[in-house]
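Trainee: I'd like to go through this model with you before I head back to the bench. Could you take me through it step by step?

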Amino acid sequence: MNSAEQPSGRPNKDDLKHAFKAFKKRLKLTQLDEESKLNYQPTSSGRGSGIVAITPPREFSQAVWDELVKQGKLKHVGHGTYELGENAG
């Protein structure tokens, strides 16, 4: 059993909270990074990056991401990537 799991094998509430916060921060930074690359020309349209899914931070176990999917906060979109779910708010 690792420190991120309760005796039942499920991740604890704090780890889920920290993982979700880290996911949202990484998604935002990835989007901002992509937008900065798009906007280097003076004639750019100013559109967003279009990035909606990312690979989650590796500091957290797969069980954490599985639980966040179960809660509806994240949605698994394939190939190890996730996007914000319907209950992300």
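Mentor: We can talk through the fold, then the sheet, then the charged side chains.

Trainee: Good. What kind of model is this, and which helices and strands does the chain have?

Mentor: This is a predicted model, and its chain holds two helices and three strands. Following the sequence from its start, you meet them in the pattern α-β-α-β-β.

Trainee: And how much of the chain counts as buried?

Mentor: Of the 89 residues in the chain, 29% count as buried.

Trainee: On to the sheet, then. In what order do the strands lie?

Mentor: The three strands make an open sheet in the order β1-β3-β2, and the pairing is antiparallel. The edges are taken by β1 (53-54) and β2 (74-78), each of which has a single partner strand, so one side of each is left without a neighbour in the sheet.

Trainee: How many bridges join β1 to β3, and which residues stand opposite each other?

Mentor: Two bridges join β1 to β3, which covers residues 81-84, and these two strands run antiparallel. Within that pairing, A53 stands opposite E83, while I54 stands opposite Y82.

Trainee: What about β2 and β3, how many bridges there?

Mentor: β2 and β3 pair over four bridges, again in the antiparallel sense, and one of the residues to look at is L74, whose bridge partner in β3 is L84.

Trainee: What sits between those two strands?

Mentor: Two residues lie between β2 and β3, which together form a hairpin, and in the turn H79 has a positive phi of about 55°.

Trainee: Changing topic: how many salt bridges are there?

Mentor: The count comes to two salt bridges. In one of them R10 pairs with E67, where the closest N and O atoms are 2.6 Å apart. That pair links distant parts of the chain, since R10 belongs to the segment before α1 and E67 to helix α2 (residues 62-70), with their positions 57 residues apart in the numbering.

Trainee: Which residues are in the other one?

Mentor: The other joins the side chains of E67 and K70, at 4.0 Å from N to O. E67 and K70 are three residues apart in helix α2, and therefore about one helical turn separates them. With E67 taking part in both, R10, E67 and K70 are linked in a network of salt bridges.

Trainee: So are those three buried or exposed?

Mentor: They differ in how they are covered: E67 counts as buried, at 6% relative accessibility, whereas R10 is partly exposed, with a relative accessible area of 45%, and K70 is exposed at 69%.

Trainee: Last thing. Where do lysines gather on the surface?

Mentor: K17, K21, K24 and K25 gather in a patch of positive charge on the surface. Taking one of them, K21 is found in helix α1, which spans residues 13-38.

Trainee: Is K21 buried or exposed there?

Mentor: K21 is exposed, because its relative accessible area of 61% is above the cut-off of over 50% that defines an exposed residue.

Conventions:
Residues are numbered from 1 along each chain as its sequence is written. This is a predicted model: local features need pLDDT of at least 70, side-chain atom pairs count only at pLDDT 80 or more; totals for chains, interfaces and linings use all residues. Side-chain values use heavy atoms; hydrogens and water are left out. Two strands pair if DSSP finds at least two bridges between them. Patches are made of residues with over 30% relative accessible area and no salt bridge: like charges are joined within 9 Å, nonpolar side chains (Val, Leu, Ile, Met, Phe, Trp, Tyr) within 5 Å. Accessible areas come from the Shrake-Rupley method with a 1.4 Å probe; for residues, only the protein chains shown count as cover. Lys and Arg count as positive and Asp and Glu as negative; His and the chain ends are not counted. The place of a charge is taken as NZ of Lys, CZ of Arg, CG of Asp or CD of Glu. Buried means under 20% relative accessible area, exposed over 50%, partly exposed in between (1.4 Å probe, protein chains only).
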